[in-house]
Amino acid sequence: MLSLHTAQTPHPGHRPPRIGLAIAGGGPVGAMYELGALRALDEACDGLDLTRLDCYVGVSSGAFFAAGLANRMDTAELCRIFISGDSEDVRFRPETFLRPALGEYLRRAASLPRLAKRLAHDVWSGRTDSRWSDLLNRVGSLVPTGLFDNDEVERFLREVFTRRGRSNDFRKLDRPLYVIGVDLDSGEAVRFGDKGWDDVPISRAVQASAALPGLYPPVELADKRGRTRHFVDGALRRTMHASVVLDRDVDLMLGINPLVPFNPGTDANEKAQAHRFSDRRIAQGGLPGVLSQTLRTMLQSRMQVGLARYPQQYPHIDQVVFEPNAADRELFYTNVFSFSARRRISQLAYRNTLDDLRKRRAVLEPVLARHGITLREEVIADRPRSILAHLPPATRSTDATAQLTRALDDIEHSLQRRRMV
């Protein structure tokens with residue numbers, strides 16, 4: 001599903017076009033959907049280099065890919081890391097993201113004797129009749145703030161961003177990157193990468209932005225005054241934080257949101273999928289289905305409010321946002337925290353995005369042409385096209401040769417930009 005808002009008063013075409021990318025969150029499944037959509041855009045759009053955009057913003061799982069692209073990791077390499085597993089550079093292990101937070105469990109358990117002592121005192125003194133709410137609060141303090149250990153997530157990212165010419169420092173990137181987190185105590189949204197927060201390592205910023213409450217513990221970071229603050233998932237405030245990109249005076253904003261509410265009534269292929277997903281009512285699937293639909297509805301409704309307002313606030317910017325089809329049962333009924341379906345979900349996103357580009361080609365082509373982008377006919381017309389079949393072969397290289405290749409690419413790109421001016 002594609003949302004397009006055409007600029008009412010486009011910037012004059014006397015400068016190289018400025019393009020920004022905003023990627024929302026959505027757990028592991030949402031991340032794989034985003035990767036499939038990014039790969040489709042990369043293949044289908046001639047003149048679009050996703051590793052050299054003018055601004056990146058990532059929220060939660062979307063921060064993984066925003067940080068990777070800003071570090072010049074192309075979509076082919078990201079697919080080899082997260083889908084096919086044949087990357088010569090990075091070894092991705094899903095269990096890294098799903099290790100129990102044993103330290104958090106032990107810290108909570110350590111307070112049990114003190115709590116038991118206080119409860120025993122209340123019972124002995126006859127004070128329990130009016131203190132049931134206090135009792136629940138005390139027992140609740142024993143529950144861990146997150147099931148899984150996100151320190152391993154940070155370690156994985158730190159290793160990726162500190163070799164082969166990449167950087168784990170916002171200040172050393174060629175292009176602006178913003179990763180959004182939310183201060184748990186104040187509810188304030190913080191832009192890591194912005195002034196005052198650009199000294200936070202990118203790996204730590206992504207760890208904080210992806211700290212979904214209940215799944216991962218809050219991430220502790222010190223502010224400029226040395227105060228400890230706890231950060232959680234950036235989607236708690238806004239879904240995509242597209243305004244961060246729009247405020248950078250871009251000409252074209254590309255957005256990807258992987259979570260939309262399920263609406264089976266619009267599914268033309270409903271009968272074909274019914275044998276796999278027999279529940280016609282979401283409530284029949286129990287609490288997980290209800291919570292998933294509730295989360296998707298809240299996230300998309302907030303984003304739609306923003307997208308409806310942005311054309312008036314930013315009349316000179318073309319805005320294109322890619323989302324899943326609301327009727328896709330397969331995507332909805334896949335566990336949002338599952339890594340096992342990553343190949344299937346990324347292929348689904350890849351196919352959906354190419355379908356959107358083909359179906360909306362007539363209105364998209366004039367908009368994209370303003371920014372030096374054309375659609376590749378052979379890609380969007382290839383309906384059975386596979387996300388992995390067209391990946392370029394992996395190349396073996398040392399850290400030194402990877403840095404040399406990167407430097408040569410910089411020189412070539414600089415020369416191309418000079419010719420355009």
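**Reading a predicted model, value by value**

In this predicted model, Leu287, Val290 and Leu291 make up a nonpolar patch on the surface, and together they have about 280 Å² of accessible area.

Q: Why is Leu287 called exposed?
A: Exposed means over 50% relative accessible area. Leu287 has 58%, so the word exposed applies. Leu287 sits in helix H11, which covers residues 287–313.

Q: How do you know that the length of H11 agrees with what is expected of a helix?
A: The expected span is 1.5 Å times one less than the number of residues. H11 has 27 residues, so the span should be 39 Å, and the end C-alpha atoms are indeed 39 Å apart.

Q: Which residues of H11 are buried, and what covers them?
A: Among the buried residues of H11 are Gly289, Ser292, Arg296, Met303 and Tyr310. Their cover includes strand S1 (2–5), helix H9 (242–246), strand S10 (318–322) and helix H12 (329–332).

Now to H9 and the loops on either side.

Q: What makes His241 buried?
A: The cut-off for buried is under 20% relative accessible area. His241 has 6%, and therefore counts as buried. You will find His241 in the loop between strand S8 (228–233) and H9.

Q: What is there to note about the phi of His241?
A: The phi of His241 is near 50°, which is a positive value in a residue other than glycine.

Q: Why is Asp249 called partly exposed?
A: Partly exposed lies between the buried limit of 20% and the exposed limit of 50%. Asp249 has 34% relative accessibility, so partly exposed is the right term. Asp249 belongs to the loop between H9 and strand S9 (252–256), and has a positive phi, near 60°, in a residue other than glycine.

Let's finish with a residue from another strand.

Q: How do you know whether Leu21 is buried or exposed?
A: Set the value against the cut-off: buried means under 20%. Leu21 has 1% relative accessibility, so Leu21 is buried. Its place is in strand S2, residues 19–23.

Q: Which residues does Leu21 touch, leaving out those up to four places away in sequence?
A: Leu21 touches Leu38, Leu53, Cys55, Tyr56, Val57, Leu69, Val245 and Leu254.

Q: How many residues apart along the chain are Leu21 and Val250, and what separates their C-alpha atoms?
A: Leu21 and Val250 are 229 residues apart along the chain, and their C-alpha atoms are separated by 9.8 Å.

Technical notes
Residues numbered from 1 in each chain as written. Predicted model: local features only at pLDDT ≥ 70, side-chain atom pairs only at ≥ 80, totals over all residues. Heavy atoms only, no water. Patch = residues over 30% accessible without salt bridge, like charges linked within 9 Å, V, L, I, M, F, W, Y side chains within 5 Å. Areas by Shrake-Rupley, 256 points an atom, 1.4 Å probe, with all protein chains shown as cover. Salt bridge = Lys/Arg side-chain N within 4 Å of Asp/Glu carboxyl O. Helix = DSSP H or I, 4+ residues; strand = E, 2+ residues; numbered from the N terminus. Buried < 20%, exposed > 50% of the residue type's maximum accessible area, 1.4 Å probe, protein only. Contact = heavy atoms within 4.5 Å.
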